[in-house]
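The exercises below ask you to read a fold from its strands, its contacts and its packing. Work through each task with the structure open before turning to the solution.

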Amino acid sequence: MRRFAYVYETSTSPPGGIDIEQWVTWRTHTRDDPDFDQVDLRHELEFGITERLQVAIYVADWNYVDGETVDRGFFYSDSALELIYNLTNPVIDPLGLSIYQEYKMGDRLFEWESKLIAQKNFGPLILAYNATLEAVWEGDDLAEREGELVQALGVSYEFSPRVSTGLEVLHETVFPEWRGRESATNLFVGPNVSLRTGSVFLTVTALAQATHTAAEPDFQLRTIFGMAF
Amino acid sequence: MKRLSILAMWLLCGCESARYFVPPVVTAESARREDVDLAMLARGRRLFAYRCIQCHTAPSVWNYALEDWPGIVDSMAHRASLKSTERDAILAYIRAVRRQR
């Protein structure tokens with residue numbers, strides 16, 4: 001169950017638990033290309049291994065792209081393996097912490113993502129913070145390299161066990177070829193809402209770009225639908 | 001503006017923390033009173049904290065009547081992948097907390 005669509009929480013699936021998640025992310029309108037649209041789809045399977053360890057497989061990430069400056073059409077992007085190990089609990093410990101590792105492989109793409117997840121629950125109020133380091137190798141012979149440092153903050157208030165709403169903030173710094181002097185910084189801010197009943201949930205977050213990066217979308221919307229078995 | 005934001009966040013967290021529920025640690029005396037192993041109560045507390053928050057925030061054990069808790073835990077046992085011994089540990093913990101007050 002996710003309260004946030006971009007920010008990760010520290011909790012993991014229970015041992016023996018299996019979850020399916022369908023992600024849809026729509027990005028639109030860059031300053032370089034006002035007609036730009038991209039829809040990313042992810043099919044994810046999550047497995048609770050122990051009380052603290054969760055393993056997930058992104059069976060397939062694929063997307064549809066449209067715009068003046070891009071090749072239009074459907075494209076397979078990658079598949080991935082994700083591991084989350086919980087260290088402390090956000091309710092009974094002073095601060096909940098988890099570490100996250102993701103290995104993504106696709107057509108002329110390898111990506112490694114490492115994340116520190118922090119969370120504290122104050123009754124119905126939940127604060128979550130992620131610090132993420134991404135390293136990407138892509139292109140022919142994986143010769144093109146890029147690094148990314150992402151900080152994400154989420155606040156969510158649970159009005160009832162079935163409804164919570166809040167805010168998410170993403171701060172990205174991209175380092176093409178790992179060069180600091182060519183880095184670009186982007187900031188996205190927006191509200192979220194999460195609904196759940198029984199074994200299913202739906203979480204939606206809408207983010208608007210608060211910076212003026214021409215190549216980044218001005219608006220993006222992510223929906224995650226999940227079901228536990 | 002920045003100071004105002006920090007103050008607003010502090011007040012918000014402060015108001016919440018004044019009444020938010022942290023599952024209390026149970027004492028050896030409570031375990032003796034309940035005639036159960038203290039380790040079982042400690043396990044019940046951990047399960048209560050870990051499994052509940054996978055779907056919703058952890059409720060106070062005082063939110064519901066003691067006789068309602070078995071049905072509540074049973075209704076969520078499948079989603080939380082609770083084995084029968086884990087269910088029993090959670091219920092024993094809830095009983096112990098309510099009686100140690």
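**Exercise 1. The make-up of chain A**

How many helices and how many strands does chain A have?

*Solution.* The coordinates belong to a predicted model, and in this model chain A has 0 helices and 12 strands. Reading along the sequence then gives the pattern β-β-β-β-β-β-β-β-β-β-β-β. The next step is to see how these elements are joined: β1-β2-β3-β4-β5-β6-β7-β8-β9-β10-β11-β12 of chain A run in that order round a closed barrel of 12 strands, with antiparallel pairing. Within this sheet, neighbouring strands are turned against each other by 20° on average, direction ignored.

**Exercise 2. Dimensions and burial**

Determine which radius of gyration a compact globule of 229 residues would have, and set the value for chain A beside it.

*Solution.* For 229 residues the globule rule leads to a radius of gyration near 17 Å, and chain A, with 18 Å, agrees with that expectation. Taken along the principal axes, the C-alpha atoms of chain A fill a box of roughly 50 × 35 × 35 Å. As for burial, 28% of the 229 residues of chain A count as buried. Finally, among contacts in chain A with a separation of 6 or more, 53% come from residues 24 or more positions apart.

**Exercise 3. Strand pairs and their registers**

For the pairs β3-β4, β7-β8 and β8-β9 of chain A, find the bridges and one pair of facing residues in each.

*Solution.* Begin with β3 (residues 53-66) and β4 (residues 73-88) of chain A, which run antiparallel and are joined by 11 bridges; here Val65(A) stands opposite Gly73(A) in β4(A).

Continue with β7(A) and β8(A) (residues 144-160), whose antiparallel pairing extends over 14 bridges, and in which Ile126(A) has Ser156(A) of β8(A) as its bridge partner. These two strands form a hairpin with 5 residues between them, where Gly139(A) takes a positive phi near 85°.

The pairing of β8(A) with β9(A) (residues 163-176) is antiparallel over 14 bridges, and it places Tyr157(A) opposite Thr165(A) in β9(A). The hairpin of β8(A) and β9(A) has 2 residues between the strands.

**Exercise 4. Strand β11 and its two neighbours**

Which residues of β11(A) make up its covered face, and which its uncovered face?

*Solution.* Strand β11(A) spans residues 200-209, and the covered face consists of Phe201(A), Thr203(A), Thr205(A), Leu207(A) and Gln209(A), whereas Val200(A), Leu202(A), Val204(A), Ala206(A) and Ala208(A) form the uncovered one. To one neighbour, β10(A) (residues 184-197), β11(A) is joined in the antiparallel sense by 8 bridges, and Phe201(A), from the covered face, is the bridge partner of Arg196(A). The two strands form a hairpin with 2 residues between them, and Gly198(A) in the turn has a positive phi of about 55°. To the other neighbour, β12(A) (residues 219-228), β11(A) is joined by 9 bridges, again antiparallel; Ala208(A), from the uncovered face, has Phe219(A) as its bridge partner in β12(A).

**Exercise 5. The surroundings of one histidine**

Is His171(A) buried, partly exposed or exposed?

*Solution.* First locate the residue: His171(A) lies in strand β9 of chain A. Next count its neighbours: His171(A) has 16 other C-beta atoms within 10 Å, and it is therefore partly exposed, since buried would require 20 or more and exposed 12 or fewer. Leaving aside residues up to four places away in sequence, His171(A) touches Val150(A), Gln151(A) and Leu187(A). A separation of 9.8 Å lies between the C-alpha atoms of His171(A) and Ala131(A), which are 40 residues apart along the chain.

**Exercise 6. A helix pair in chain B**

At what angle do the axes of α4(B) and α5(B) cross, and which residues meet there?

*Solution.* The axes of α4 (residues 69-77) and α5 (residues 84-100) of chain B come within 10 Å and cross at roughly 150°, and the crossing is right-handed. From α4(B), Trp69(B), Pro70(B), Val73(B) and Ala77(B) meet Arg87(B), Ile90(B), Leu91(B) and Ile94(B) of α5(B). Sorted by class, this contact has 7 nonpolar, no polar and 1 charged residues.

How values were computed: Residues are numbered from 1 along each chain as its sequence is written. Chains are lettered from A and ligands numbered from 1 in the order in which they are written. This is a predicted model: local features need pLDDT of at least 70, side-chain atom pairs count only at pLDDT 80 or more; totals for chains, interfaces and linings use all residues. Axes are lines fitted to C-alpha atoms, for helices over the stretch in contact, and angles run from 0 to 180 degrees between N-to-C directions. Helices (H or I, at least four residues) and strands (E, at least two) are DSSP runs, numbered from the N terminus. A crossing is left-handed if the near helix is turned anticlockwise from the far one by less than a right angle, and right-handed if clockwise. Two residues are in contact if their C-beta atoms, placed from the backbone, lie within 7 Å. Ala, Val, Leu, Ile, Met, Phe, Trp, Tyr, Cys and Pro count as nonpolar, Asp, Glu, Lys and Arg as charged, and the others, Gly among them, as polar. Two strands pair if DSSP finds at least two bridges between them. The radius of gyration is taken over C-alpha atoms; the globule rule is 2.2 Å times the number of residues to the power 0.38.
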